[in-house]
Amino acid sequence: MTSPVQIQAATKVTETLSSVQLWINGVKKHSIASTTLNTSIAVTAGTHRFAVVAANTPGQKWESAVNATVK
C-alpha cells in the first residue's frame with residue numbers, strides 16, 4: 001500500500017446513525033454523518049492500525065480494524 005491511502009467502508013447500524021469515523025493509530029482522522037465512508041488520506045511509511053468506528057445516537061459503537069503497511 002502506498003500513500004495516500006484510499007479508505008472505503010459501509011455500515012448498517014441500529015437506531016439513527018450518528019457518525020462513521022476513521023482512526024489511524026488511535027487518532028481520529030475523519031468523521032462523517034453517513035453510512036458510507038470513502039476518503040483518501042496521506043499516511044507516513046510504516047505499519048499502521050486503521051480502524052473504522054460507527055456510532056448511533058444512543059452511543060453504541062461498532063469497530064472494525066486492520067493493520068497495514070504503507071510504503
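Residue A55 lies in strand β5, which spans residues 46–56. In this predicted model, A55 has a relative accessible area of 9% and is therefore buried, since the limit for that class is under 20%. Part of its surroundings comes from a distant stretch of sequence: S18 stands 37 residues away from A55 along the chain, yet the C-alpha atoms of the two are separated by 5.4 Å. When neighbours within four places in sequence are set aside, the contacts of A55 are L17, S18, S19, Q60 and K61. Of these, L17, S18 and S19 fall within β2, which covers residues 17–24, while K61 belongs to β6, which covers residues 61–70.

The pairing of A55 with S18 can be set beside a figure for the whole chain. Among contacts with a separation of 6 or more, 54% join residues that are 24 or more positions apart.

The elements that carry these residues may now be described together. The protein chain contains six strands and zero helices, so that, read from the N terminus, the order of elements is β-β-β-β-β-β. The radius of gyration is 12 Å, close to the 11 Å expected from the globule rule for 71 residues, and the chain is therefore as compact as a globular protein of that length. Along the principal axes, the C-alpha atoms occupy a box of roughly 40 × 20 × 15 Å. Of the 71 residues, 31% are buried. The accessible surface amounts to about 4,500 Å², and carbon and sulfur atoms account for 50% of that area.

Strand β5 also takes part in the largest pocket, to whose lining β1 (5–10), β5 and β6 each contribute at least two residues. This pocket holds about 200 Å³ of space. Its lining consists of 13 residues, and those nearest the centre are I7, Q8, F50, V52 and V66. Strand β1 provides the largest share, with five residues. In character, the lining comprises 10 nonpolar and three polar residues, with no charged ones.

A last point of interest is found in the loop between β2 and β3 (27–32), where N25 is located. Although N25 is not a glycine, its phi is positive, at about 55 degrees. Is this residue buried, partly exposed or exposed? With a relative accessible area of 43%, N25 is partly exposed, because that value lies between the 20% limit for buried residues and the 50% limit for exposed ones. The buried A55 of strand β5 and the partly exposed N25 of the loop thus offer two places from which to begin examining the model.

Terms used
Residues numbered from 1 in each chain as written. Predicted model: local features only at pLDDT ≥ 70, side-chain atom pairs only at ≥ 80, totals over all residues. Heavy atoms only, no water. Helix = DSSP H or I, 4+ residues; strand = E, 2+ residues; numbered from the N terminus. Rg over C-alpha atoms; globule rule 2.2 N^0.38 Å. Buried < 20%, exposed > 50% of the residue type's maximum accessible area, 1.4 Å probe, protein only. Contact = heavy atoms within 4.5 Å. Areas by Shrake-Rupley, 256 points an atom, 1.4 Å probe, with all protein chains shown as cover. 1 Å grid on protein atoms, 1.4 Å probe; cavity = no way out; pocket = protein on both sides within 12 Å on 5 of 7 lines; lining within 4 Å. Points joined across faces, edges and corners; volume = space filled by probe spheres on them. Nonpolar A, V, L, I, M, F, W, Y, C, P; charged D, E, K, R; others polar.
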